[in-house]
Amino acid sequence: GCDMERIVRVFKFFIWVVFLNVGNYQYAHSSETDVTETHKLISGNSLKIINKYGTSIIFFESGGTFKHSGKGGASSTGTWRVTKDSMCATTLPQPTSPLKEFCLLLKDRDFGQSWSERDPRNDEITRTLLKGHAKLE
């Protein structure tokens, strides 16, 4: 019985890896332009965030790192990457392993445009994409 289970497990794994990769390859291939577009929105630019704690700015260095600065000198740093429709950021250092990554959907967003979401912990949060290295007012 054990052999059969192992074969089924290997087979399922094979199907998953092979077919998922085939799908992803075509997917990634057809949407390279989307990745470039998202990259243009982020690289060398800023994201202004307003929530109940006040205003803060994330500046995305073109090399893939970011600095998040808030009022009163609070700041954090980390790394960022883009997918075809999102920016994903990892704050460093982190107490947890594996590292947690937070992704923000940027589909159809543009510079100077603000959008709001309700966050269960921080109440309302408003984000604005800003060109270049924005300063905290």
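Strands here are DSSP runs of at least two residues in state E, and helices are runs of at least four in H or I; both are numbered from the N terminus. The views below show a predicted model.

**Confidence along the chain.** The mean pLDDT of the chain is 81. Of its residues, 79% reach 70 or more. Among the elements, strand 2 (residues 54-60) has the highest mean, 92. Helix 1 (residues 2-30) has the lowest, 55. Within helix 1, the pLDDT falls below 50 over residues 20-30. Beyond near neighbours in sequence, that stretch makes three contacts in the model.

**Hairpin of strand 2 and strand 3.** These two strands run antiparallel. Five bridges join them. Phe-59 stands opposite Lys-67 of strand 3. Four residues separate the two strands of the hairpin. Gly-64 sits in the turn, with a positive phi of about 100°.

**Hairpin of strand 3 and strand 4.** Strand 3 also pairs with strand 4, again through five bridges and antiparallel. His-68 has Ser-76 in strand 4 as its bridge partner. Between the strands of this hairpin lie four residues. The turn holds Gly-72, whose phi is positive at about 75°.

**The cis peptide at Pro-93.** Most peptide bonds are trans. Leu-92 and Pro-93 are joined by a cis peptide bond. Its omega is about -5°. Where does Pro-93 lie? Pro-93 is in the loop between strand 5 (86-92) and strand 6 (102-105).

**Asp-108, with a positive phi.** Most residues other than glycine have a negative phi. The phi of Asp-108 is positive, near 60°, and Asp-108 is not a glycine. Asp-108 belongs to the loop between strand 6 and strand 7 (114-119). Is Asp-108 buried or exposed? The cut-off for exposed is over 50% relative accessible area. Asp-108 has 70% relative accessibility, so Asp-108 counts as exposed. Asp-108 also helps to line the second largest pocket.

**Arg-121 in the loop between strand 7 and strand 8.** Strand 8 spans residues 123-130, and Arg-121 is found in the loop between strand 7 and this strand. Its relative accessible area is 65%, so Arg-121 is exposed. How many residues in sequence separate Arg-121 and Lys-52? They are 69 residues apart. In space, C-alpha to C-alpha, the distance is 9.7 Å.

**The largest pocket.** This pocket holds about 950 Å³ of space. It is lined by 34 residues. Which of them are closest to its centre? They are Ile-49, Ile-58, Phe-102, Ile-125 and Arg-127. The elements that give two or more residues to the lining are strand 1 (46-51), strand 2, strand 3 (65-70), strand 4 (75-82), strand 5, strand 6, strand 7 and strand 8. By class, the lining divides into 15 nonpolar, 12 polar and seven charged residues.

**The second largest pocket.** About 240 Å³ of space lies here. The lining includes Asp-34, Glu-37, Thr-38, Lys-40 and Leu-41. Lys-84 and Asp-85 are also among the lining residues. So are Leu-106, Lys-107, Asp-108, Arg-109 and Phe-111. How does this lining divide by class? It has eight charged, three nonpolar and one polar residue.

Terms used. Residues are numbered from 1 along each chain as its sequence is written. This is a predicted model: local features need pLDDT of at least 70, side-chain atom pairs count only at pLDDT 80 or more; totals for chains, interfaces and linings use all residues. Side-chain values use heavy atoms; hydrogens and water are left out. pLDDT is the predictor's confidence in each residue, from 0 to 100. Contact means heavy atoms within 4.5 Å. Buried means under 20% relative accessible area, exposed over 50%, partly exposed in between (1.4 Å probe, protein chains only). On a 1 Å grid over the protein atoms alone, a cavity is a set of points where a 1.4 Å probe fits but cannot get out, and a pocket is an open set with protein on both sides within 12 Å along at least five of seven lines; lining residues have an atom within 4 Å of a point. Grid points are joined across faces, edges and corners, and a volume is the space filled by probe spheres set on the points. Ala, Val, Leu, Ile, Met, Phe, Trp, Tyr, Cys and Pro count as nonpolar, Asp, Glu, Lys and Arg as charged, and the others, Gly among them, as polar. Two strands pair if DSSP finds at least two bridges between them.
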